[in-house]
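Colleague: I have just opened this model and I am curious about what lies inside it. Please take a close look at any enclosed empty space, and then go on to the parts that pack around one another.

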Amino acid sequence: MINERVLNTLIALLLLVVPLFAWQLDEPFIITLATKAAILALAGVGLNLALGYGGLVSFGHATFFGLGGYTMGILASHAQSFTPIMESPFLIDGTKSMPIIWLVAIVISAFVAFIIGLLSLRTTGVYFIMVTLAFGQMLYYFSISWPAYGGEDGLSIYVRNEFPGLNTLDPIQFFGICYVLLMVVIFFMSKLNSSSFGLALNSARQNSERVQTVGISPFRLQLVAFTISGAVTGLAGALFADLNRFISPTMFSWHTSGEIMVFIILGGAARLYGPVAGAAIFILLEHVLGGLSEFWHIFLGAILLLVVLFAKGGLIGSVSKKAASHG
Amino acid sequence: MSTILLIEQFLNGIQFGVMLFLMAAGLTLIFGVMGLINLAHGSLYMIGAFAAATVASLTGSFLLAIIASVVAAAVFGAIVEFSILRRLYDRDHLDQVLATFALILIFSEGTRWLFGSFPLYLDVPEALSGTVVLLGDIQYSRYRLAIIFIGLLVAVGLYLLISKTRVGMRIRAGENDREMIGALGIDISKLYTWVFALGAGLAGLAGALVGAIQSVQVGMGEPVLILAFVVIVIGGIGSIKGAFIGSLLVGLTDTLGRVLLPIAFSTFMESSAATSVASSLSSMLIYLLMAGVLLLKPSGLFGRAPS
């Protein structure tokens, strides 16, 4: 049993040290795996705010992951072909600049999360799960049937986007960008959770009537949490698209929503580093089991089932002594 | 557009809706009685289709194939309920979603491992192939008409089972108060297994019936599962009547939307743009329908308001 704070530091250091070693040993593939883990962790950190802290079981976070990805794809493909996105009423050009892409991805995902939240937060419990799932599917089918950006086949971006002062095609530098973003967002989340907003959100999950009686609207708290949550997952989607230099409707699929949830559960829901631990375990399993058998999803399913049935609280819940703050 | 084509598409919409009902009825029953949200329902649909395709290729009999689909899905359902799912009834929805998501991974990959990734085919039986002539010279597929008939038969059967029989009384009592009917000496866990097997069998039947129109392959259950979710959200979770009305609404909206929207858009746009806009919009239409229903009635058309 170890203190959660110590465990968090260990996880953060491990995610940093492994790719640095790989860089020294000239193993770019391992750096790429670590980058993928960091990006998926970021998507999970986004969902964790809604699901873990807010108690909002969103089964549609692939929506925001996909929106982030398509934001990157659309902006970069127009920059790549030197055609403007639109000319009237005003000119919008594509761009290859990462910071601008991130900003647009965050704004668009936040906006869509706000709209979806506005509609789906009218419902609770199992309705909420299904409604978020359905909105996710709506965008999935839209991305398949909209031919302009590849439709079902997806879209390749040939060169990774640019970040001022860095060579983003160098794996370790791109990892650095993703890692720093992840740490910044986690720091922001830790501040948010201990702020009055975070405390109220936690109380709204545990007992929304009580929150209401002291004059705070649970709906507004949850809407803000859902919006921020979507924005963070959208940012992760933009990075993921940049990692693969490829976007496809798969980013919107409900399997993606399910997987983002799986990161949280493997690591521990409502734990600051839960999604980081979970995403790292997921990547490790994918790599190790995927090497053993092409049907590795059977084993993943079995492990997930065992964790849900017998190890509530995931990795962090099992090894850290502090009782889960969830439920 | 000709009236004949419109009527034909209308029947297709009904046929699609009736299929969705077979899925949605099981889902909504399982949720209503056990409080379980079962994502693996689509896997039972797939298991039914694979069982039917296997039996049909071994025996050549379509009737045996259909029976096999129901039995295989019901037995699988009962085993899964008995060994895993009953531990989840008292858990929160998040645990149920994750555990049944895990089951999907296991079932889909397991089926791929056993049968490979190539689709299997299930032939429509001779007696039901070809077309029939309906009122006013409308030619319509005999098989699709049979599906509509079977679906309506199941709907009536379910209604009678639940409202007129002793088992149905227990099921309704289970929805209202599970401790109380346990205290009255009814073996509630046995009832749960039967209800789950019933829902699973219906999903298996749907899989086999659709398998003869489309192909039988891994992952075939997932799009249908999500549509069935949309159906029960529209109809109100736990309500069989809601599932029936919701199924027909979704089936008709989806089918007619795909036919009518391109025509509507081509009246004021040039045709290639109209096709692409209309196809994107029609794929989203049922979700817009769902959003609309939720705006007016957050717990569905026939759902009980959340307590």
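Modeller: Let us start with a cavity: on a 1 Å grid over the protein atoms alone, it is a set of points where a 1.4 Å probe fits but cannot get out, and its lining residues have an atom within 4 Å of a point. This is a predicted model, where local features need pLDDT of at least 70 and side-chain atom pairs pLDDT 80 or more, while totals for chains, interfaces and linings use all residues. Residues are numbered from 1 along each chain as written, chains are lettered from A and ligands numbered from 1 in the order written, and side-chain values use heavy atoms, without hydrogens or water.

The structure has 2 cavities of 30 Å³ or more. The largest holds about 50 Å³ of space, a volume being the space filled by probe spheres set on grid points joined across faces, edges and corners. Around the largest cavity you will find B:Leu39, B:Gly42, B:Ser43, B:Met46, B:Ile104, B:Ser108, B:Gly219, B:Met220, B:Gly221 and B:Glu222. Three helices of chain B, H2 (41-59), H4 (93-115) and H9 (221-235), each give at least two residues to this lining; a helix here is a DSSP run of H or I with at least four residues, numbered from the N terminus. H2(B) makes the largest contribution, 3 residues. Sorted by class, the lining of the largest cavity has 4 nonpolar, 5 polar and 1 charged residues (nonpolar: Ala, Val, Leu, Ile, Met, Phe, Trp, Tyr, Cys, Pro; charged: Asp, Glu, Lys, Arg; polar: the others, Gly among them).

The second largest cavity, with a volume of about 30 Å³, takes us to chain A. Its lining is made of A:Val45, A:Asn48, A:Tyr53, A:Met189, A:Arg271, A:Leu272 and A:Pro275. Here the largest share, 3 residues, belongs to helix H2 (residues 28-53) of chain A. The classes in this lining are 5 nonpolar, 1 polar and 1 charged.

H2(A) also has a packing partner. Helix H1 (residues 4-24) of chain A packs against H2(A) at about 160°, their axes 8 Å apart, where axes are lines fitted to C-alpha atoms over the stretch in contact and angles run from 0 to 180 degrees between N-to-C directions. H1(A) and H2(A) are therefore roughly antiparallel, the word for angles over 145 degrees. From H1(A), A:Leu15, A:Val18, A:Pro19, A:Ala22 and A:Trp23 meet A:Ile30, A:Ile31, A:Ala34, A:Ala37 and A:Ala38 of H2(A), contact being heavy atoms within 4.5 Å. By class, the residues of this contact are 10 nonpolar, no polar and no charged.

Back in chain B, the axes of helix H10 (residues 240-266) and helix H11 (residues 271-296) come within 8 Å and cross at roughly 155°. H10(B) is therefore roughly antiparallel to H11(B). Their contact includes B:Leu249, B:Phe265 and B:Asp254 from H10(B), facing residues of H11(B) that include B:Leu281 and B:Ile286. The residues of this contact divide into 12 nonpolar, 5 polar and 2 charged.

One more pair in chain B finishes the tour. The axes of helix H5 (residues 142-164) and helix H6 (residues 166-176) of chain B come within 5 Å and cross at roughly 75°. H5(B) is therefore roughly perpendicular to H6(B), a label for 65 to 115 degrees. B:Leu161, B:Ile162, B:Ser163 and B:Lys164 of H5(B) make the contact with B:Arg166, B:Gly168, B:Met169 and B:Arg172 of H6(B). This contact has 3 nonpolar, 2 polar and 3 charged residues.

Methods:
Angles under 35 degrees count as roughly parallel, over 145 as roughly antiparallel, 65 to 115 as roughly perpendicular and the rest as oblique. On a 1 Å grid over the protein atoms alone, a cavity is a set of points where a 1.4 Å probe fits but cannot get out, and a pocket is an open set with protein on both sides within 12 Å along at least five of seven lines; lining residues have an atom within 4 Å of a point.
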